[in-house]
Amino acid sequence: MYHRRICVRGIIIKDGKLFAQKLKHGEGERDYWCTPGGGLDDGEDLLAGLRREMIEETGVAPKIGRLLYVQQFMDGTQEQLEFFFHIENADDYEKIDLAATTHGAIEVSQYGFIDPKKEHILPEDMSAMDFAGMVAAGAPVRVANYL
(Lines give C-alpha, C1' and ligand atoms only; values in the text may rest on other atoms or scores of the structure.)
Protein backbone atom coordinates (compact mmCIF):
# COMPACT_ATOMS: atom_id res chain seq x y z
CA MET A 1 0.00 0.00 0.00
CA TYR A 2 1.31 3.44 -0.98
CA HIS A 3 1.42 6.05 1.77
CA ARG A 4 1.99 9.80 1.56
CA ARG A 5 2.82 11.88 4.64
CA ILE A 6 2.03 15.59 4.39
CA CYS A 7 4.10 17.96 6.52
CA VAL A 8 4.05 21.70 7.13
CA ARG A 9 7.01 23.76 8.30
CA GLY A 10 7.77 27.36 9.21
CA ILE A 11 10.53 29.51 7.71
CA ILE A 12 11.52 32.13 10.28
CA ILE A 13 14.23 34.58 9.17
CA LYS A 14 15.96 37.20 11.30
CA ASP A 15 19.16 39.13 10.56
CA GLY A 16 20.11 36.69 7.80
CA LYS A 17 19.67 33.65 10.02
CA LEU A 18 17.09 30.90 10.00
CA PHE A 19 15.25 29.61 13.06
CA ALA A 20 15.86 25.88 13.34
CA GLN A 21 15.85 23.08 15.85
CA LYS A 22 17.56 19.77 16.52
CA LEU A 23 15.19 17.00 17.43
CA LYS A 24 15.76 14.39 20.09
CA HIS A 25 16.56 10.88 18.93
CA GLY A 26 16.69 8.12 21.53
CA GLU A 27 19.14 9.22 24.23
CA GLY A 28 20.75 11.86 21.99
CA GLU A 29 19.75 14.15 19.18
CA ARG A 30 19.58 14.03 15.41
CA ASP A 31 22.75 15.23 13.66
CA TYR A 32 20.95 17.88 11.61
CA TRP A 33 18.86 21.02 12.06
CA CYS A 34 15.34 21.40 10.67
CA THR A 35 12.65 24.06 10.71
CA PRO A 36 9.73 23.71 13.13
CA GLY A 37 6.63 21.88 12.03
CA GLY A 38 5.46 18.36 11.39
CA GLY A 39 2.86 16.05 9.98
CA LEU A 40 -0.76 16.91 9.39
CA ASP A 41 -3.54 14.96 11.05
CA ASP A 42 -6.00 13.26 8.68
CA GLY A 43 -8.21 15.90 7.03
CA GLU A 44 -6.36 18.80 8.69
CA ASP A 45 -6.01 22.12 6.86
CA LEU A 46 -2.40 23.13 5.95
CA LEU A 47 -2.44 26.43 7.84
CA ALA A 48 -4.28 25.04 10.87
CA GLY A 49 -1.78 22.18 11.02
CA LEU A 50 1.19 24.54 10.80
CA ARG A 51 -0.23 26.69 13.57
CA ARG A 52 -0.84 23.64 15.77
CA GLU A 53 2.61 22.14 15.15
CA MET A 54 4.47 25.39 15.80
CA ILE A 55 2.59 26.07 19.02
CA GLU A 56 3.20 22.49 20.18
CA GLU A 57 6.96 22.76 19.57
CA THR A 58 7.70 26.41 20.42
CA GLY A 59 4.75 27.74 22.41
CA VAL A 60 4.56 30.67 19.98
CA ALA A 61 1.56 31.33 17.73
CA PRO A 62 2.91 31.95 14.22
CA LYS A 63 1.85 34.77 11.96
CA ILE A 64 1.74 32.71 8.78
CA GLY A 65 2.77 34.40 5.55
CA ARG A 66 2.99 33.01 2.06
CA LEU A 67 4.13 29.63 0.83
CA LEU A 68 7.85 29.70 -0.11
CA TYR A 69 8.93 26.15 -0.81
CA VAL A 70 7.50 22.69 -1.50
CA GLN A 71 9.54 19.51 -1.31
CA GLN A 72 8.52 16.01 -2.39
CA PHE A 73 10.69 12.95 -1.74
CA MET A 74 10.70 9.28 -0.76
CA ASP A 75 11.69 8.41 2.80
CA GLY A 76 12.15 4.65 2.76
CA THR A 77 8.79 3.30 1.58
CA GLN A 78 6.82 6.47 2.28
CA GLU A 79 6.43 9.61 0.19
CA GLN A 80 6.95 12.90 2.03
CA LEU A 81 5.28 16.08 0.80
CA GLU A 82 6.40 19.18 2.74
CA PHE A 83 5.05 22.74 2.56
CA PHE A 84 7.27 25.53 3.95
CA PHE A 85 5.56 28.83 4.84
CA HIS A 86 7.14 32.16 5.78
CA ILE A 87 6.50 33.05 9.43
CA GLU A 88 6.34 36.82 9.82
CA ASN A 89 6.71 37.29 13.61
CA ALA A 90 10.40 36.32 13.88
CA ASP A 91 11.07 38.40 17.03
CA ASP A 92 8.65 36.20 18.99
CA TYR A 93 10.99 33.23 18.50
CA GLU A 94 13.99 34.85 20.24
CA LYS A 95 13.13 33.37 23.62
CA ILE A 96 11.22 30.14 23.91
CA ASP A 97 10.40 28.16 27.04
CA LEU A 98 10.28 24.53 25.94
CA ALA A 99 8.97 23.52 29.37
CA ALA A 100 5.85 25.61 28.70
CA THR A 101 5.05 23.73 25.47
CA THR A 102 3.10 20.51 24.97
CA HIS A 103 5.73 18.83 22.78
CA GLY A 104 8.88 20.99 22.76
CA ALA A 105 10.57 19.56 25.85
CA ILE A 106 9.85 16.03 24.63
CA GLU A 107 10.89 16.49 20.98
CA VAL A 108 13.40 19.38 20.77
CA SER A 109 16.97 19.27 22.13
CA GLN A 110 18.25 22.61 20.72
CA TYR A 111 16.77 25.60 18.94
CA GLY A 112 17.81 29.03 17.74
CA PHE A 113 18.66 31.21 14.78
CA ILE A 114 21.43 29.55 12.77
CA ASP A 115 23.41 30.26 9.62
CA PRO A 116 22.16 27.50 7.27
CA LYS A 117 25.32 27.83 5.18
CA LYS A 118 27.44 26.79 8.19
CA GLU A 119 25.23 24.13 9.78
CA HIS A 120 23.94 20.78 8.55
CA ILE A 121 20.27 21.46 7.84
CA LEU A 122 17.62 19.38 6.11
CA PRO A 123 16.40 19.65 3.50
CA GLU A 124 19.88 20.34 2.18
CA ASP A 125 18.51 22.82 -0.40
CA MET A 126 17.90 25.22 2.46
CA SER A 127 21.61 25.85 2.94
CA ALA A 128 21.74 27.63 -0.43
CA MET A 129 18.36 29.37 -0.45
CA ASP A 130 17.99 33.09 0.17
CA PHE A 131 14.64 33.11 1.94
CA ALA A 132 14.86 36.79 2.90
CA GLY A 133 15.42 37.63 -0.77
CA MET A 134 12.55 35.38 -1.82
CA VAL A 135 10.21 37.13 0.61
CA ALA A 136 11.37 40.63 -0.36
CA ALA A 137 11.12 39.94 -4.11
CA GLY A 138 7.83 38.07 -3.92
CA ALA A 139 9.58 35.21 -5.73
CA PRO A 140 7.50 32.28 -6.96
CA VAL A 141 7.21 29.18 -4.82
CA ARG A 142 10.23 26.92 -5.25
CA VAL A 143 9.36 23.27 -5.87
CA ALA A 144 11.85 20.45 -5.34
CA ASN A 145 10.86 16.99 -6.52
CA TYR A 146 13.12 14.09 -5.56
CA LEU A 147 10.82 11.20 -6.48
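**View 1. His 86 sits in strand β7, which covers residues 78–87.** This is a predicted model, and that goes for every view below. His 86 has a relative accessible area of 12%; because anything under 20% is called buried, His 86 gets that label. Who's around it? Leaving out residues up to four places away in sequence, His 86 touches Ile 11, Ile 13 and Val 135. It also touches a run of residues made up of Lys 63, Ile 64, Gly 65, Arg 66 and Leu 68. Ile 11 turns up again in the strand pairing, where it stands opposite His 86 in β7. If you want a distance to look at, the C-alpha atoms of His 86 and Val 70 are separated by 12 Å, with the two residues 16 apart along the chain.

**View 2. Five strands make an open sheet in the order β5-β1-β7-β6-β9.** The pairing in this sheet is mixed. Which strands stand at the edges? Those are β5 and β9 (142–146), and each has a single partner strand, so one side of each is left without a neighbour in the sheet. On average, and ignoring direction, neighbouring strands here are turned by 15° against each other. Helix α1 packs on the sheet and touches β1, β5, β6 and β7; the direction of α1 makes about 65° with that of β1.

**View 3. Strand β1 pairs with β7 in the parallel sense and runs antiparallel to β5.** The β1 and β7 pairing goes over 8 bridges, while 3 bridges join β1 to β5. To find your way along the β7 side, look for Val 8, whose bridge partner is Phe 83. For the β5 side, pick out Arg 9, with Gly 37 as its bridge partner.

**View 4. The largest pocket holds about 590 Å³ of space.** Of the 25 residues that line this pocket, the closest to its centre are Arg 9, Tyr 32, Phe 73, Glu 82 and Leu 122. Arg 9 is also the residue bridged to Gly 37 in β5. Which elements supply at least two residues each to the lining? They are the strands β1 (4–11), β3 (17–25), β5 (37–39), β6 (64–75) and β7, plus the helix α1 (46–58). As for chemistry, the lining divides into 10 charged, 8 nonpolar and 7 polar residues.

**View 5. Leu 122 and Pro 123 are joined by a cis peptide bond.** Omega for this bond is about -5°. Pro 123 belongs to the loop between β8 and α3, and Leu 122 is among the residues closest to the centre of the largest pocket.

**View 6. Asp 125 is in the loop between β8 (108–114) and α3 (131–137).** Is this aspartate buried or exposed? Asp 125 is buried, with a relative accessible area of 18%. Setting aside neighbours within four places in sequence, Asp 125 is in contact with Tyr 69, Arg 142, Ala 144 and Tyr 146.

**View 7. Asp 15 lies in the loop between β2 (13–14) and β3.** What catches the eye here is the backbone: phi of Asp 15 is near 50°, a positive value in a residue other than glycine. Asp 15 counts as exposed, at 73% relative accessibility, whereas Asp 125 is buried.

Terms used
Residues are numbered from 1 along each chain as its sequence is written. This is a predicted model: local features need pLDDT of at least 70, side-chain atom pairs count only at pLDDT 80 or more; totals for chains, interfaces and linings use all residues. Side-chain values use heavy atoms; hydrogens and water are left out. Helices (H or I, at least four residues) and strands (E, at least two) are DSSP runs, numbered from the N terminus. Buried means under 20% relative accessible area, exposed over 50%, partly exposed in between (1.4 Å probe, protein chains only). Contact means heavy atoms within 4.5 Å. On a 1 Å grid over the protein atoms alone, a cavity is a set of points where a 1.4 Å probe fits but cannot get out, and a pocket is an open set with protein on both sides within 12 Å along at least five of seven lines; lining residues have an atom within 4 Å of a point. Grid points are joined across faces, edges and corners, and a volume is the space filled by probe spheres set on the points. Ala, Val, Leu, Ile, Met, Phe, Trp, Tyr, Cys and Pro count as nonpolar, Asp, Glu, Lys and Arg as charged, and the others, Gly among them, as polar. Two strands pair if DSSP finds at least two bridges between them. Axes are lines fitted to C-alpha atoms, for helices over the stretch in contact, and angles run from 0 to 180 degrees between N-to-C directions.
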